[in-house]
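Could you walk me through this model in my viewer, one selection at a time? I would like to know what to click on next and what I will find there.

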Amino acid sequence: MQLLAQPQLDAIVEVMGGIEPASTYISTALQAGRQVITANKQLVAAQGPPLACLGPLRFEASVASAIPIVETLADALGADRIGSIMGILNGTTNSMLAAMGGGASYADALADAQRRGLAEADPSADVDAHDPAAKLAILAMLAFRRRIDPSQIARVGIRDLGPGQMEDGRRRGFVIKLIAAAAIHDGARIEADIRPRLVPADAPMARVHGAMNAIAVDAEYAGSLIFEGPGAGPDAAASAVLADLIRAAKGVPASAGSLLATLADTSPVTVVPLGPTAPYPAAS
Ligand SMILES: NC(=O)c1ccc[n+]([C@@H]2O[C@H](COP(=O)([O-])OP(=O)(O)OC[C@H]3O[C@@H](n4cnc5c(N)ncnc54)[C@H](OP(=O)(O)O)[C@@H]3O)[C@@H](O)[C@H]2O)c1
């Protein structure tokens, strides 16, 4: 709070994570006329629309770190109609699934991910898919211009998977991936869920390895776009945070924040799961 009170500051960068005190710090800074850059997916997913009403809020690093998807959806694709988004939004589980595909048990894959600093001591945010649900809520709000409550997105994590299912999928020509997907139908009905799915081995999503992330966007005019890159790690996150800071210094409009601000007075829409067959068959 002492830092926020300093009058010479133009911008504040928030990378502490969590809802509080980050929410209080960010709203205080925005109300004092500062620009705010945050990497906090949890906060943006839950409170992005009301916070963005208070001033320029930038959050490129909050989804898939170095993949420039946030401003792309709000700005570069601003003239388009996006029908669906789908992706691998959690590098930790993607790495664990790869280890399980090589024969490791869930417990061994988790222990290895924890040893390598990929998974937290409490792995729930990753393995129970809370982390990709927050990211998917942000992407879906930007893509469909509707307010989405991340807690309404159905989640099936990877705890119940084992090497047997991975091997069975492989024999049938599939790779099991934790897929986050959302679609809008007739401009109104929104489906979204996160669950392990059987991805054909020759599909681009099947070839997303390790801690990489990928996002496929289906737009009415631009067509099918695929973005892939490092979804986590200090360098990748810093790249996105500093790009936001440079945009703030240049006075580039905070397009994604402005879009979220337009949703602040609306209620979260009903979100139903995509179901077991699309975009790929459910794996569990
Ligand atoms: N790591 C990534 O690859 C990545 C990628 C994209 C986005 N993000 C987002 O970036 C944020 C931080 O993630 P992280 O992985 O860097 O977490 P982290 O390693 O836990 O770092 C958080 C830092 O914030 C500090 N902090 C926490 N609460 C604070 C408070 N109340 N006052 C002052 N400092 C406080 C912590 O200090 P102490 O250690 O002293 O507690 C720590 O230095 C999260 O929102 C995350 O979702 C991370």
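Start by selecting α4 (91-101): this helix is part of what covers the buried residues of α5. Keep in mind throughout that you are looking at a predicted model.

Now add α5 itself, residues 106-115, and colour Ala-109, Leu-110 and Ala-113, the buried residues of this helix. Look down the axis of α5: these buried residues fall within an arc of 100°, so they line one face of the helix. The pattern has a simple background: an α-helix has 3.6 residues a turn, so residues three or four places apart point the same way. Next, colour Ala-107 and Arg-115, the exposed residues on the face of α5 turned away from its buried side. Before you leave, click on Gly-117, just after α5, which takes a positive phi of about 75°.

**On to the antiparallel strands**

Select β4, residues 82-88. How many of the seven residues of β4 are buried? Six are, which makes this strand mostly covered. Show β8 (residues 212-219) next to β4; the two pair in the antiparallel sense over six bridges. To see one of the contacts in this pairing, pick Gly-87 and find Ile-215, its bridge partner in β8.

Then bring in β6, residues 174-185, which also pairs with β4 in the antiparallel sense, over four bridges. Here, pick Met-86 and look for its bridge partner in β6, Ala-181. Like β4, which is mostly covered, β6 is mostly covered too, with eleven of its twelve residues buried.

From β6, continue to β7 (residues 189-200), paired with β6 in the antiparallel sense over twelve bridges. Ala-180 is a good place to zoom in, as it stands opposite Ile-194 in β7. Follow the chain from β6 into β7 and you trace a hairpin with three residues between the strands. Stop at Asp-186 in that turn, where phi is positive, about 55°.

**Next, the parallel sheet**

Hide those strands and select β1, β2 and β3. In what order do these three strands lie in their open sheet? The order is β1-β2-β3, and the pairing is parallel. β1 and β3 stand at the edges with a single partner strand each, so one side of each has no neighbour in the sheet. Zoom in on β2 and β3, which pair in the parallel sense over two bridges. Pick Ile-37 there and you can find its bridge partner in β3, Arg-58.

**Then helix α9**

Keep β1 (11-14), β2 (35-38) and β3 (57-58) on screen and add β9 (223-230): these strands are among what covers the buried residues of α9. Now select α9, residues 234-250, and measure from end to end: at 1.5 Å a residue its 17 residues should span 24 Å, and its end C-alpha atoms are 24 Å apart, which agrees.

Colour the buried residues of α9, Ala-236, Ala-240, Val-241, Asp-244 and Ala-248. Viewed down the axis of α9, they fall within an arc of 135°, so they line one face of the helix. Turn to the face away from that buried side to find the exposed residues Pro-234, Asp-235, Ile-246, Ala-249 and Lys-250. Just after α9, Gly-251 has a positive phi of about 75°.

**Last stop: the ligand**

Finally, select the ligand and show the residues around it: Val-15, Met-16, Gly-17, Pro-21, Ala-39, Asn-40, Lys-41, Ala-61, Ser-65, Ala-232, Gly-233 and Ala-237. Colour this shell by class and you will see seven nonpolar, four polar and one charged residues.

Terms used:
Residues are numbered from 1 along each chain as its sequence is written. This is a predicted model: local features need pLDDT of at least 70, side-chain atom pairs count only at pLDDT 80 or more; totals for chains, interfaces and linings use all residues. A residue is near a molecule or strand if its C-beta atom, placed from the backbone, lies within 6 Å of it. Ala, Val, Leu, Ile, Met, Phe, Trp, Tyr, Cys and Pro count as nonpolar, Asp, Glu, Lys and Arg as charged, and the others, Gly among them, as polar. The expected span of a helix is 1.5 Å times one less than its number of residues. A residue is buried if 20 or more other C-beta atoms lie within 10 Å of its own, exposed if 12 or fewer, and partly exposed in between; C-beta atoms are placed from the backbone. The arc is that of the directions from the helix axis to the C-beta atoms. Two residues are in contact if their C-beta atoms, placed from the backbone, lie within 7 Å. Two strands pair if DSSP finds at least two bridges between them.
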